[in-house]
Amino acid sequence: MHIDTTKITPHSDLWYFRFKKFNAEKYLITNDAWKFHFLSMSDFHNFISGNHTELDSYNELISKGFIKKSNYLEKMTWSVAQKNHFVWVGPTLHMIVVTLRCNHKCRYCHAAVAPMTAKEFDMTKETAKKVVDAIMYTNSPSLTIEFQWGEALVNYEVVQYIVEYASSRAMHLQKDLRFSLVSNLTLMTEEKLKWLFDNNVDICSSLDGDKISHNANRTGFQGDSFDTVTYWLKRVDEEKQKRWLWKIWALLTVTKQTLPRYKEIIDSYINLWLDGIFLRWLNPYGFAASDMETLAYDPDDWENFYKESLDYILELNKKWTPFKENITSIYLQKIFNAMDPSFMDIRSPSGIAIWWVAYNFDGKIYASDESRMLGRMWDDTFFMAEVTQSWSETYKNMMNSEILKIAVQASTLDGLPGYNDHVYKPYLWVDIIHNYKMSGSLYVPLVKDDKMKLQIAILDTIFEKLQNPDDAKILMSWIGR
Ligand code: SF4
């Protein structure tokens with residue numbers, strides 16, 4: 001059936017909505033309360049023509065806020081506020097680079113690590129103290145300190161110092177504080193493991209799949225990186241289970257070489273008893289930037305890889321192997337949960353600068369980890385401030401920095417042409433650092449935004465899978481429904 005959109009008349013009882021023709025039979029509509037609904041061609045025609053009462057889903061459309069009824073304003077205000085709960089708090093995720101050194105030199109390393117001999121790239125205790133003071137002064141009652149790449153265990157003494165000092169400050173200030181260590185695990189020892197657990201430091205690692213894929217990416221290590229990391233992944237997981245903690249999770253970075261090996265990669269995660277995988281795409285920072293020809297791929301290639309991987313994971317689930325794809329889970333939570341899952345960058349405005357900041361080894365504060373990676377490439381566009389002796393001055397400098405205001409404005413999808421109109425707008429986010437790196441501008445037309453293409457591919461796939469009751473049941477189980 002052909003819909004003549006010129007015949008659409010404004011109806012005061014329709015709330016603002018976005019739409020797209022999903023397939024030959026259905027239209028998908030969404031609204032700013034992040035609700036979605038599928039309408040057949042004829043129902044969509046009736047919906048936009050004002051014949052709502054003829055729709056079978058009339059009451060459902062009222063409950064989802066597509067059709068206004070008496071109490072709709074209070075209901076939708078509450079719903080929108082709940083979804084955007086994160087806008088009320090200040091910086092919550094604080095990434096600290098205690099060193100740029102690493103005992104690996106991975107082919108794509110986004111941090112462009114320094115060699116083990118280059119001790120001038122270590123954070124000193126004096127800088128660490130200023131960083132912790134700055135973090136504690138921020139206005140969020142709940143804080144996470146994450147130790148990020150280079151390899152934090154290379155400067156373990158400063159990791160310990162930060163954990164002990166920050167814990168005592170947090171207790172004094174009554175702040176909820178968590179720690180997370182992102183490590184390649186190859187410098188782990190039993191003694192360190194015990195200390196980290198005893199001091200409530202959560203641990204996660206990177207695993208680029210099976211032995212062939214992982215070792216192909218993870219070069220520069222004196223030994224077998226895959227064997228070492230998998231040994232420690234199992235040990236950490238064992239220890240977590242003893243202490244009744246969540247399972248360990250690992251991060252995958254997808255390169256061109258790993259695209260065809262999706263089955264081997266997923267199998268290797270399952271053999272390690274991991275319960276999910278992040279199919280993370282490659283970013284154009286650090287060493288990856290100088291080797292894009294060998295490592296990178298088109299968004300279409302990643303889309304195929306994602307679809308094949310998801311099909312394989314769903315098949316495994318049907319054979320009683322519970323396992324999930326974590327990026328899919330994040331979008332499912334955005335679609336179905338009352339509150340945003342608060343994944344730092346996957347939201348609008350993105351977490352960059354305002355909820356998520358990165359402290360470099362030398363005390364320079366950047367708007368995000370990727371901003372700091374650009375800084376390593378001699379581009380300080382996203383530099384916010386330096387840590388100073390006075391934590392209140394540091395915080396004021398961060399909050400008053402121009403880049404914070406620019407980042408919030410540029411990553412807010414409302415009002416961005418193309419993005420704001422897209423049917424998936426409620427679930428999308430824009431990666432301004434990536435766009436800046438690829439085009440030199442924070443504002444990139446949607447059709448030229450590669451990260452947006454990936455998100456649209458994910459959401460198209462999710463909504464398509466939700467049409468199949470067996471697949472939908474599995475997907476919903478990933479978010480506890
Ligand atoms: S990716 Fe991680 S393990 Fe590899 S060189 Fe960079 S910091 Fe080291």
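A nonpolar core is a set of buried Ala, Val, Leu, Ile, Met, Phe, Trp, Tyr and Cys residues joined through side-chain atoms within 4.5 Å. The exercises below use this term on a predicted model.

**Exercise 1. Find the residues that touch the most other members of the largest nonpolar core, and say which domains the core draws on.**

Step 1. The largest nonpolar core has 150 residues. Ile96, Phe147, Ile162, Trp302, Met384, Tyr424 and Phe463 touch the most other members.

Step 2. Domain 1 (5-64 + 71-83) and domain 2 (88-297) each supply at least three residues to this core. The centres of domain 1 and domain 2, taken over C-alpha atoms, are 44 Å apart.

Step 3. Now list the contacts of Tyr424. Leave out residues up to four places away in sequence; Tyr424 then touches Lys20, Phe22, Leu28, Ile456, Leu459, Asp460 and Phe463.

Step 4. There is also a second, separate core. This one has 15 residues, among them Ile29, Phe47, Tyr58 and Ile67.

**Exercise 2. Work out where the buried residues of helix 9 lie around its axis, and what covers them.**

Step 1. Helix 9 spans residues 262-271. Its buried residues are Tyr262, Ile265, Ile266, Ser268 and Tyr269.

Step 2. These residues cover an arc of only 160 degrees around the axis, so they sit on the same side of helix 9. The general rule: an α-helix has 3.6 residues a turn, so residues three or four places apart point the same way.

Step 3. The cover over the buried residues includes helix 7 (211-217), strand 8 (250-253), strand 9 (276-277) and helix 12 (299-318).

Step 4. Trp273 follows helix 9, with a positive phi near 65 degrees.

**Exercise 3. Classify the residues around the ligand, then check the peptide bond from Trp149 to Gly150.**

Step 1. The ligand is surrounded by Cys102, His104, Lys105, Cys106, Cys109, Val113, Trp149, Gly150, Asn184 and Arg218.

Step 2. Sort this shell by class: five residues are nonpolar, three polar and two charged.

Step 3. The bond from Trp149 to Gly150 is cis, with omega near 10 degrees. Gly150 lies in the loop between strand 5 (142-147) and helix 5 (156-173).

Step 4. Another cis bond runs from Ser348 to Pro349, with omega near -5 degrees. Pro349 is in the loop between helix 13 and strand 12 (356-359).

**Exercise 4. Decide whether Lys334 and Leu442 are buried or exposed, and list their contacts.**

Step 1. The cut-off for buried is under 20% relative accessible area.

Step 2. Lys334 belongs to helix 13 (residues 326-336). Its relative accessibility is 1%, so Lys334 is buried. Beyond neighbours within four places in sequence, Lys334 contacts Trp34, Lys83, Asp340, Pro341, Ile346, Arg347 and Tyr427.

Step 3. Leu442 sits in the loop between helix 17 (432-439) and helix 18 (450-465). At 15% relative accessible area, Leu442 is buried. With neighbours within four places set aside, Leu442 contacts Phe382, Ile406, Ala410, Ile432, Asn435 and Tyr436.

**Exercise 5. Locate Gln174 and Asn200, give their phi, and decide whether they are buried or exposed.**

Step 1. Most residues other than glycine have a negative phi.

Step 2. Gln174 has a positive phi of about 55 degrees. The loop between helix 5 and strand 6 (176-183) holds Gln174. With 72% relative accessibility, Gln174 is exposed.

Step 3. Asn200 has a positive phi of about 60 degrees. Asn200 lies in the loop between helix 6 (190-198) and strand 7 (201-206). Its relative accessible area is 63%, so Asn200 is exposed.

Terms used
Residues are numbered from 1 along each chain as its sequence is written. This is a predicted model: local features need pLDDT of at least 70, side-chain atom pairs count only at pLDDT 80 or more; totals for chains, interfaces and linings use all residues. Side-chain values use heavy atoms; hydrogens and water are left out. Buried means under 20% relative accessible area, exposed over 50%, partly exposed in between (1.4 Å probe, protein chains only). Helices (H or I, at least four residues) and strands (E, at least two) are DSSP runs, numbered from the N terminus. The arc is that of the directions from the helix axis to the C-beta atoms. Contact means heavy atoms within 4.5 Å. A residue is near a molecule or strand if one of its heavy atoms lies within 4 Å of it. Ala, Val, Leu, Ile, Met, Phe, Trp, Tyr, Cys and Pro count as nonpolar, Asp, Glu, Lys and Arg as charged, and the others, Gly among them, as polar. Domain bounds come from an automatic or database domain assignment.
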